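Reader: Please take a close look at a single part of this model. Start from one residue and its setting, then work outward to the rest of the chain.

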Amino acid sequence: MSSDSTHQSPKPRVAVVFGGRSSEHTISVLTAGAVLRAIDRERYDVLPIGITTDGRWALTADDPERMAITGRELPTVAGIAEPGGGSVLLPVDPAAREVVLAEPGSVPKDLGDVDVVFPVLHGPYGEDGTLQGMLELSGVPYVGAGVLASAVGMDKEYMKRIFHSFGLPVGPYTVIRPREWDTDPAAARKKIVDFAGDHGWPVFVKPARAGSSMGITKVDDLAGLDDAIAEARAHDPKIIVESLLRGREIECGVLEFEDGPRASVPAEIPPVSDHDFYDFEAKYLDSAEGIVPAPLTPEQTDRVRELAVLAYEAVSCEGLVRADFFLTEDGEFVINEINTLPGFTPISMYPRMWQASGVDYPELIDRLIQAALRRSTGLR
Ligand SMILES: Nc1ncnc2c1ncn2[C@@H]1O[C@H](COP(=O)(O)OP(=O)(O)O)[C@@H](O)[C@H]1O
Ligand SMILES: [Mg+2]
């Protein structure tokens, strides 16, 4: 299959943008493969655009088979970019919808108009509002959260502050800003030790803006703290320290319908035996088995669905969000985080929760694209 280069069709043309500069590059390629496989080709034309790990926008093969795991080998954009190089450029002129392929020394090649962008990107430079800002400048509608919701959804500090102000229960935490650590690491270390004194060890040390459990360490005592801080800071100079929340991990999906957001049936992520917590390997390579629907009482189910929609509204999300909670031993839901572009392969929790709620994967993709097409860019 190859994309129309002289695009005349009346079908909306969807640019699926994937890969990217974040550490979740390969997960994004896997997800894009699944989206390309499932998107309704009768309804939409598709233009796959991969972003390489160094940030080049490349035209890629429209070939989902090459965007899958082979053995334990993960796919990359570099592996499927069309030969010849060149960069795909979106117009910054909101009056233009056409995308071009620019190659050094040659006239830019017209790749046709794009009606909507589906950013299948996780983490920084994709899920964090930066790409969304660029798409706002271009005037091209896009799937999912806007600039603010994306940026907040990527920042575990501001996320918690907003949730708290909307009455969503959050766990105890403290933040070490880049300057605090750079100017006085001893004081920053003491701040964490005091926090642990108040709330108990172990603590979770996390990069404030990352994902897929990258850079997160559960720290049992002072001895492990400096290594954990270094590990978190390798992903983000701002770190967040949280106390351990004991309880069950419950997730819930929110999806935008014509009449507003609705919550899916919730799911439970059981503790993973070989892993200390639900980490990157557990999530993606060993495909941790989430239980859908979560075995909860009807009251608990109603409560978590209500909180998930509240989290979506609190941050002004659009399209979709996955809200992740702990159900603590005293029966309270505490929100851990939201993901504005949650894991989105067909075996990921978000699509599975919607599958169990009567929305299959192709319909999910269709609903997200339709929600984006109903919106325009700019203030809304
Ligand atoms: N405060 C906490 N208490 C207990 N477990 C936690 C806590 N924070 C994180 N975890 C565990 O680590 C996993 C990843 O943390 P999370 O904050 O969701 O980061 P990410 O954005 O990388 O998904 C969670 O799914 C959970 O299993
Ligand atoms: Mg998480």
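Author: Start with T301, which is found in helix α9. Helices here are DSSP runs of H or I with at least four residues, strands are runs of E with at least two, and both are numbered from the N terminus. The model is predicted: local features need pLDDT of at least 70, side-chain atom pairs count only at pLDDT 80 or more, and totals for chains, interfaces and linings use all residues. Residues are numbered from 1 along each chain as its sequence is written, chains are lettered from A and ligands numbered from 1 in the order in which they are written, and side-chain values use heavy atoms, with hydrogens and water left out.

T301 counts as buried, because its relative accessibility is 17%. The cut-offs are these: buried is under 20% relative accessible area, exposed is over 50%, and partly exposed is in between, with a 1.4 Å probe and protein chains only. Set aside the neighbours within four places in sequence. T301 is then in contact with P266 and L296. Contact means heavy atoms within 4.5 Å. Now look far away. L222 is 79 residues from T301 in sequence, and their C-alpha atoms are 38 Å apart.

Next, the two ends of helix α9. On one side is the loop between α8 (280-285) and α9 (298-314), and P293 lies in it. The peptide bond from V292 to P293 is cis, with omega near -5°. On the other side, S316 is found in the loop between α9 and β15 (320-328). S316 is not a glycine, yet its phi is positive, near 60°. Its relative accessible area is 45%, so S316 is partly exposed.

Past that loop comes N336, in strand β16 (residues 333-339). N336 has 14% relative accessibility and therefore counts as buried. Beyond the neighbours within four places in sequence, N336 is in contact with K160, K206, E242, D324, F325 and F326.

E242 leads on to R189. These two are 53 residues apart in sequence and 14 Å apart in space, C-alpha to C-alpha. R189 lies in helix α6 (residues 185-199). It is partly exposed, because its relative accessible area is 25%. Its contacts, again without the neighbours within four places in sequence, are W181, L225 and D226.

Helix α6 is followed by a second cis bond to check. P202 is found in the loop between α6 and β9 (203-207). The peptide bond from W201 to P202 is cis, and omega is near -5°. Go on to the loop between β9 and β10 (217-219), which is the place of S212. S212 has 8% relative accessibility, so it counts as buried. K156 is 56 residues from S212 in sequence, but 13 Å away in space, C-alpha to C-alpha.

One further backbone point belongs on the list. Y125 is found in the loop between β7 (116-120) and α2 (130-138). Its phi is positive, about 60°, although Y125 is not a glycine. Y125 counts as partly exposed, because its relative accessibility is 42%.

Now place these parts in the chain. The chain is divided into domain 1 (13-142), domain 2 (153-170 + 246-374) and domain 3 (173-243). Those bounds come from an automatic or database domain assignment. The centres of domain 2 and domain 3, taken over C-alpha atoms, are separated by 25 Å.

Finally, the whole chain. It has 11 helices and 16 strands. The radius of gyration is 21 Å, close to the 21 Å that the globule rule gives for 380 residues, so the chain is as compact as a globular protein of that length. That radius is taken over C-alpha atoms, and the rule is 2.2 Å times the number of residues to the power 0.38. Along its principal axes, the C-alpha trace spans about 65 × 50 × 45 Å. Of the 380 residues, 53% count as buried. Take contacts between residues at least 6 apart in sequence: 66% of them join residues at least 24 apart.

The accessible surface comes to about 16200 Å², and 51% of it belongs to carbon and sulfur atoms. Accessible areas come from the Shrake-Rupley method with a 1.4 Å probe; for residues, only the protein chains shown count as cover.
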